[in-house]
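Here's a walk through one protein chain, element by element, with the packing and the charged pairs along the way. Have the viewer open while you read.

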Amino acid sequence: MLVPDGRVPVHMDYALRLTGQAEPRICVLNTANGDDPQWALRMYDRFAGRPARLSHLALFPMPNVADPEDLLLSQDVIFVGGGSVANMLAVWRVHGLDRILRKAWQAGIVLAGSSAGGICWFEGGTTDSFGRELRAFTDGLGLLAGSYCPHYDAEPGRRPLYHRLIADGTLTAGIACDDGAAAHFTDDELTSCSRTGRARARTGWNRASPRPASRPASSASPGRGRPPRGRRQAQPEGGRRRAARLRTLVRCLVCTRGCAATPGWRTARWPCC
């Protein structure tokens with residue numbers, strides 16, 4: 001995250017404001033970087049004195065809490081850091097976090113992340129998880145249809161590889177983000193916002209891509225009709241998606257609050273956080 005020490009990154013601050021809570025609960029995960037304790041400490045330093053209740057979930061060498069599901073489903077925001085998306089997803093599945101995070105998504109908890117923490121919500125993307133050479137990753141959580149490519153402008157190999165992988169069918173069509181750009185999904189509606197770059201959709205992203213007919217309903221918009229504090233319950237199967245909104249953030253999201261509730265594309269430039 002390109003942000004001075006002691007400051008909360010803009011996209012994390014925005015995620016907290018999306019909750020509509022005066023003191024939102026946020027849990028950070030750094031599985032993709034092997035649960036580096038220094039990363040967790042930096043997060044606690046950044047949030048010191050902020051009106052937010054920070055916690056973290058570590059899985060190395062063993063879970064740091066007795067019930068990861070209870071911890072995650074009691075949050076307003078879940079933020080996932082960068083690193084190896086392939087290693088992260090493998091460890092998540094061993095511990096059942098794939099199932100837990102889907103419950104969190106269905107319950108309307110704000111899901112956010114950077115780099116690997118953005119790829120994971122999609123079906124796949126481009127990664128250096130397997131070595132210095134960039135390759136395809138095709139085993140994401142699939143909460144959002146399509147693929148995702150981070151660092152689109154920062155790493156010379158990302159763009160040509162992403163286009164080639166989509167052209168040959170290895171990856172499904174998706175969205176690519178420059179460093180400093182963001183993509184915001186409300187339910188499965190995409191809003192693109194930017195600081196220094198732009199969230200690009202040049203690779204065939206289709207916002208109207210079909211979704212399973214049995215998609216459960218999500219929770220209400222920020223500050224309206226949210227479940228009481230404590231563990232969130234997923235809505236029953238067969239509910240209407242449009243009756244509520246789900247919020248998912250990818251990369252550094254920095255759009256204005258009004259933008260989040262507006263369908264379609266919007267652009268807003270902010271100074272670097």
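Which residues in H1 are buried? They are Val10, His11, Met12, Tyr14, Ala15, Leu16 and Leu18. Keep in mind that this is a predicted model.

**The first helix**

H1 covers residues 10-18, and with 7 of its 9 residues buried it is mostly covered. Some of the spacing in that list makes sense from plain helix geometry: an α-helix has 3.6 residues a turn, so residues three or four places apart point the same way. Just after H1, the chain reaches Gly20, which takes a positive phi of about 75°.

Asp13 isn't on the buried list; at 22% relative accessibility, it counts as partly exposed, because the cut-off for buried is under 20%. Asp13 forms a salt bridge with Arg50, with the closest N and O atoms 2.4 Å apart. That pair ties together distant parts of the chain: Asp13 sits in helix H1 and Arg50 in the loop between helix H2 (37-47) and strand E2 (53-57), 37 residues apart. Arg17 joins in as well, since Asp13, Arg17 and Arg50 are linked in a network of salt bridges.

**Strand E1 and its neighbours**

Next up is E1. It is largely enclosed by the rest of the structure, because 5 of its 5 residues are buried. Arg25, Cys27 and Leu29 point one way from the strand, while Ile26 and Val28 point the other way, and all of them are buried.

E1 has two strand partners to look at here. It runs parallel to E2, joined by 5 bridges, and in this pairing Arg25 has Arg53 of E2 as its bridge partner. To get from E1 to E2 the chain goes through H2, and this β-α-β crossover is right-handed. E1 also pairs with E3 in the parallel sense, over 4 bridges, with Val28 opposite Phe79 in E3.

Further along, strand E7 (residues 147-149) and E8 pair in the parallel sense too, over 3 bridges. Tyr148 has Ile175 in E8 as its bridge partner. The connection from E7 to E8 runs through helix H7 (residues 158-167), and this β-α-β crossover is right-handed.

**The nonpolar packing**

The largest nonpolar core has 39 residues, and the ones that touch the most other members are Leu72, Met88, Trp92 and Trp121. Elements giving two or more residues to this core include strand E1 (25-29), helix H3 (68-73), helix H4 (85-94), helix H5 (97-106) and strand E8 (174-177). H4 supplies the largest share, 6 residues.

What does Leu72 touch, leaving out residues up to four places away in sequence? The list is Cys27, Leu29, Leu57, Ile78, Leu97, Ile100, Leu101 and Ile109. Apart from this core lies another one, of 17 residues, among them Tyr14, Leu18, Phe47 and Ala52.

**Charged pairs**

The count of salt bridges comes to 6. Here are three of them, with the distance between the closest N and O atoms.

| Pair | N to O distance |
|---|---|
| Asp13 and Arg50 | 2.4 Å |
| Lys103 and Glu69 | 2.8 Å |
| Arg93 and Asp139 | 3.0 Å |

Now for the surroundings of each pair. In the first, Arg50 is partly exposed, with a relative accessible area of 33%.

The Lys103 and Glu69 side chains meet in a salt bridge, and this pair also links distant parts of the chain: Lys103 is in helix H5 and Glu69 in helix H3, 34 residues apart. Are these two buried or partly exposed? Lys103 is partly exposed, at 31% relative accessible area, whereas Glu69 is buried, at 12%.

Arg93 and Asp139 again bring distant parts of the chain together, with Arg93 in helix H4 and Asp139 in the loop between strand E6 (135-137) and E7, 46 residues apart. Arg93 is partly exposed, with a relative accessible area of 29%, and Asp139 is partly exposed at 43%.

**A histidine in the last strand on this tour**

His184 is placed in strand E9 (residues 181-186). Is His184 buried or exposed? It is buried, with a relative accessible area of 0%. Its side chain makes a polar contact with the side chain of Thr186, at 3.4 Å.

Definitions and conventions. Residues are numbered from 1 along each chain as its sequence is written. This is a predicted model: local features need pLDDT of at least 70, side-chain atom pairs count only at pLDDT 80 or more; totals for chains, interfaces and linings use all residues. Side-chain values use heavy atoms; hydrogens and water are left out. Buried means under 20% relative accessible area, exposed over 50%, partly exposed in between (1.4 Å probe, protein chains only). A polar contact is a pair of N or O atoms within 3.5 Å; within protein, one must be able to donate a hydrogen and the other to accept it, and residues adjacent in sequence count only if both atoms are side-chain atoms. A nonpolar core is a set of buried Ala, Val, Leu, Ile, Met, Phe, Trp, Tyr and Cys residues joined through side-chain atoms within 4.5 Å. Contact means heavy atoms within 4.5 Å. Two strands pair if DSSP finds at least two bridges between them. A crossover is right-handed if, with the strands pointing away from the viewer, the path from the first strand over the helix to the second runs clockwise. A salt bridge is a side-chain nitrogen of Lys or Arg within 4 Å of a carboxyl oxygen of Asp or Glu.
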